[in-house]
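Let's take a walk through this protein together, starting with the overall picture and ending with a few spots where the backbone does something unusual. Keep the structure open as you read.

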Amino acid sequence: MNYEAALAYIDQFIDYERSREFARQTRLYNLNRISQLLGLLGNPQNRIKVIHIAGSKGKGSTAALIASVLRCAGYKTGLFTSPHLITPRERCRIDGRLISEEDVTLYILEKLKSAIETVSDSEFGRVSFFEIYTALAFCYFADKAVDFAVVEVGLGGRLDATNIVSPVTTVITPIGLEHTAILGETYADIAAEKAEIIKTKCPVAFAPQHPEAQAVLENRATARNAPIVYTGTIYNRQMLGGTGDNNDFIDVQRGFNGDTFVGQQFDLNTKSDNYLGLTIPFLGQHQLVNAATAIAGIECLLQQGYDVPKPSIYDGFKQVQWPGRMQLIQATPTASSTVLLDGAHSPVSMQALCRAIQESFRYEQLIFIVSLMRDKDLTAIGKIISQTADSVIVTQVSADNPRVMPAETIRDAWEDISKKVTVCPTPEKAIATALTSALPGTLVCITGSLYLVGEALKIFGFEGSQDRI
């Protein structure tokens with residue numbers, strides 16, 4: 001048996017991330033299957049110190065930052081995230097290295113298969129794609145004896161498969177109105193779902209929240225006697241590595257040099273410390289919030305006596321890698337345009353992306369390439385993009401993903417609200433069209449879905465180069 005056979009086996013199971021009925025599967029979200037599955041595997045999650053992260057926006061970036069800091073502090077650190085961009089191996093990594101094809105094959109076909117089939121034949125029904133990868137990660141991390149595992153919630157919190165852990169710290173990033181058919185229609189409803197990762201006497205870090213969400217989170221933490229650590233005050237923010245005057249922005253007209261460090265420097269004041277001159281290789285004000293939230297999570301660990309030297313925070317922030325989030329690439333050495341990749345897929349994240357573009361770049365023309373999933377707020381996202389883009393190309397990722405919204409549907413909805421919308425049937429065609437029509441100093445932004453970002457990375461030749469990210 002080989003790696004391809006292991007993936008083919010997993011693909012037999014329900015993948016709610018790709019399900020067209022994604023928003024209607026509320027009854028199938030529960031902890032019965034994952035509890036039974038992990039029980040058959042010896043409950044490996046109980047042998048891991050977990051930092052558990054939920055939220056609507058920024059939880060992946062926050063998780064990557066925390067994992068990078070812990071690695072720089074000398075800890076063997078696992079990281080479990082979803083979805084993936086290019087390969088499912090990205091979901092499970094230790095010290096930045098993706099799980100190997102050999103280990104995926106070993107765990108799925110030899111260590112997990114019998115338990116998976118036992119659970120799937122039980123009264124609880126077939127396990128899901130996400131539950132299998134969750135079990136794989138916990139077994140892998142336990143067997144490799146990681147010191148910490150940073151675990152990102154897949155959906156919600158209360159009934160997410162990852163909520164089987166007893167964490168040493170929990171973190172909740174900004175909460176927005178997302179997956180309302182499953183999680184609820186108000187900030188309070190959604191916060192109540194995510195607040196269920198808060199455990200008794202386990203310190204919790206809160207990012208800045210909508211007042212309704214904040215009240216729910218604080219009440220839940222108080223009821224469970226969980227100490228709260230808040231993010232501090234961010235100040236003295238400045239761009240790093242931009243090609244504009246005084247490094248205030250990236251001048252696309254002059255071209256983007258991929259060897260130039262592009263990011264931000266800032267100071268942070270928290271209740272317990274002052275951090276001067278922090279740098280992150282990310283763009284956008286929203287990433288500063290993620291960085292501050294990551295530090296709040298680290299301070300939760302410090303409260304419990306774990307040793308995380310302050311220099312490791314600085315080093316971890318500088319060294320973190322998290323592709324597909326305002327990631328800059330140059331199409332070709334002679335291209336007249338710069339390409340920006342970002343997985344924004346909701347009105348809140350799209351607003352943050354557009355604001356970051358306006359704050360970070362100087363360009364002559366802005367072209368958006370967009371693909372969306374069916375459960376997204378099409379009209380709201382279109383209105384936000386129309387206020388920023390000079391033109392929009394809509395496309396769709398692979399046809400084997402039933403959640404993908406047809407490009408023609410997007411065009412029809414946006415014709416009255418966007419300046420210029422065209423359809424290209426594939427990401428390859430959309431990118432080629434944008435680059436061919438681009439004037440000097442054009443910024444091409446590929447966004448709307450992490451699936452589209454993953455396809456773009458393959459098109460630009462990044463497939464096979466992500467063994468360490």
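The protein chain holds 15 helices and 19 strands. Keep in mind that you're looking at a predicted model, not an experimental one. Of the 469 residues in the protein chain, 58% are buried. What remains on the outside adds up to about 18,200 Å² of exposed surface, with carbon and sulfur atoms supplying 47% of it.

How do the contacts spread along the sequence? If you take contacts between residues at least 6 apart in sequence, 75% of them join residues at least 24 apart.

Now for the inside. In soluble globular proteins, nonpolar side chains tend to be buried together. Here, the largest nonpolar core has 44 residues. If you want to find it on screen, go for the residues with the most contacts inside it: L37, I48, I108, L112, I116 and F141. Several elements chip in with at least two residues each, namely α1 (3-10), α2 (32-40), β3, α4 (101-120), α5 (129-143) and β5 (148-152). Which of them gives the most? That's α5, with 12 residues.

L37 makes a handy place to zoom in. Skip its neighbours within four places in sequence, and L37 is in contact with A115, I116, V119, E131 and A135. I116 is also on the list of residues with the most contacts inside the core.

That isn't the whole story of the interior, though. There's a second, separate core of 38 residues, and I66, A205, F282 and A296 are included in it.

On to the backbone. Most residues other than glycine have a negative phi, and most peptide bonds are trans. A few places in this model go the other way. Start with the peptide bond joining S82 and P83, which is cis, with omega at about -10 degrees. You'll find P83 in the loop between β2 (77-80) and β3 (92-94).

Follow the chain past β3 and you reach D95, in the loop between β3 and β4 (97-98). D95 isn't a glycine, yet its phi is positive, at about 50 degrees. Is D95 buried, partly exposed or exposed? With a relative accessible area of 23%, D95 counts as partly exposed.

The last stop is N236, another residue other than glycine with a positive phi, this time near 55 degrees. N236 sits in a strand, β9 (residues 233-240). Its relative accessible area is 52%, so N236 is exposed.

Key
Residues numbered from 1 in each chain as written. Predicted model: local features only at pLDDT ≥ 70, side-chain atom pairs only at ≥ 80, totals over all residues. Heavy atoms only, no water. Helix = DSSP H or I, 4+ residues; strand = E, 2+ residues; numbered from the N terminus. Buried < 20%, exposed > 50% of the residue type's maximum accessible area, 1.4 Å probe, protein only. Core = buried A, V, L, I, M, F, W, Y, C linked by side-chain atoms within 4.5 Å. Contact = heavy atoms within 4.5 Å. Areas by Shrake-Rupley, 256 points an atom, 1.4 Å probe, with all protein chains shown as cover.
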